[in-house]
Amino acid sequence: QVQLVESGGGLVQAGGSLRLSCAASGRAISTYAMGWFRQAPGKEREFVASISRIGISTDYADSVKGRFIISRDNAKNMMYLQMNSLKPEDTAVYYCAAAPWTTVQAMGVRASRSYDYWGQGTQVTVSS
């Protein structure tokens with residue numbers, strides 16, 4: 001079992017930055033692909049970014065590409081999402097998730113069903 005806890009959310013003005021953190025416990029995350037998803041009110045959960053087991057490969061949703069940076073520190077069992085140039089449409093609850101590597105190879109890093117473990121989420125609100 002992997003327990004995930006997000007932090008770093010908050011209220012920020014458009015154009016500002018936030019850095020989300022995801023702390024993992026229970027197991028080392030080095031064997032898992034990791035991802036960030038978000039869910040805005042009235043909308044389905046959507047993929048934001050993912051990172052491979054040792055951080056060589058990353059993937060981003062088009063809506064955040066060039067503004068968000070995903071990273072991980074396996075030694076600390078942590079994952080991060082640096083969010084820059086934030087827009088009001090980035091307002092959502094952000095979730096971190098962990099997926100077995102064999103699963104993402106089969107179903108892809110963007111599919112939420114690939115991920116076995118989820119955090120409770122952290123709210124990000126961007127004001128205009």
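Which strand is F47 found in? Select F47 and you land in strand β5. Before going further, some ground rules: this is a predicted model, where local features need pLDDT of at least 70, side-chain atom pairs count only at pLDDT 80 or more, and totals for chains, interfaces and linings use all residues. Residues are numbered from 1 along each chain as its sequence is written, and side-chain values use heavy atoms, with hydrogens and water left out.

**Stop 1: the whole chain**

Zoom out and colour by secondary structure. You should find one helix and 11 strands, where helices (H or I, at least four residues) and strands (E, at least two) are DSSP runs numbered from the N terminus. Reading from the N terminus, the order is β-β-β-β-β-β-β-β-β-α-β-β. The radius of gyration (taken over C-alpha atoms) is 14 Å, close to the 14 Å that the globule rule (2.2 Å times the number of residues to the power 0.38) gives for 128 residues, so the protein is as compact as a globular protein of that length. Along the principal axes, the C-alpha trace spans about 40 × 25 × 25 Å.

Now switch on a surface. The protein exposes about 6,300 Å², with 49% of that supplied by carbon and sulfur atoms; the areas come from the Shrake-Rupley method with a 1.4 Å probe, and for residues only the protein chains shown count as cover. Of the 128 residues, 46% count as buried. Here buried means under 20% relative accessible area, exposed means over 50%, and partly exposed is in between (1.4 Å probe, protein chains only).

If you like contact maps, try this one: among contacts (heavy atoms within 4.5 Å) between residues at least 6 apart in sequence, 59% join residues at least 24 apart.

**Stop 2: back to F47**

Centre on F47 again. F47 is buried, with a relative accessible area of 8%. Leaving aside neighbours within four places in sequence, F47 is in contact with W36, F37, D59, Y60, A61, V109 and R110. Add Y95 to the selection: F47 and Y95 are 48 residues apart in sequence but 9.6 Å apart in space, C-alpha to C-alpha.

**Stop 3: the core**

Next, select L4, M34, W36, L81, M83 and Y94. They are the residues with the most contacts inside the largest nonpolar core, which has 38 residues. A nonpolar core is a set of buried Ala, Val, Leu, Ile, Met, Phe, Trp, Tyr and Cys residues joined through side-chain atoms within 4.5 Å. The elements that give two or more residues to this core are β3 (18-25), β4 (32-39), β5 (46-51), β7, β8, β9 and β11 (122-127). The largest share, six residues, comes from β9. As background, nonpolar side chains in soluble globular proteins tend to be buried together.

Pick L81 and show its surroundings. Not counting residues up to four places away in sequence, L81 touches L18, R19, L20, W36, V48, A49, F68, I69, I70 and Y94.

**Stop 4: the loop between β5 and β6**

Move to the loop between β5 and β6 (58-60), where S52 lies. S52 counts as buried at 10% relative accessibility. With residues up to four places away in sequence left out, S52 touches S57, R72 and W101.

I56 lies in the loop between β5 and β6 too. Is I56 buried or exposed? I56 is exposed, with a relative accessible area of 68%. Draw a distance from I56 to S71: these two are 15 residues apart in sequence and 9.7 Å apart in space, C-alpha to C-alpha.

**Stop 5: two backbone oddities**

Open a Ramachandran plot if you have one. Most residues other than glycine have a negative phi. N77, although not a glycine, has a positive phi of about 60°. Find N77 in the loop between β7 (68-73) and β8 (78-83); N77 is buried, with a relative accessible area of 14%.

S85 is not a glycine either, and has a positive phi of about 50°. S85 sits in the loop between β8 and β9 (92-100) and is partly exposed, at a relative accessible area of 42%.

**Stop 6: S17**

Finish at S17, in the loop between β2 (10-13) and β3. S17 is partly exposed, with a relative accessible area of 39%. Beyond its neighbours within four places in sequence, S17 is in contact with V12, Q82, M83, N84, S85 and L86. Which residue is 65 residues from S17 in sequence and 7.5 Å away in space, C-alpha to C-alpha? Select Q82 to see that pair.
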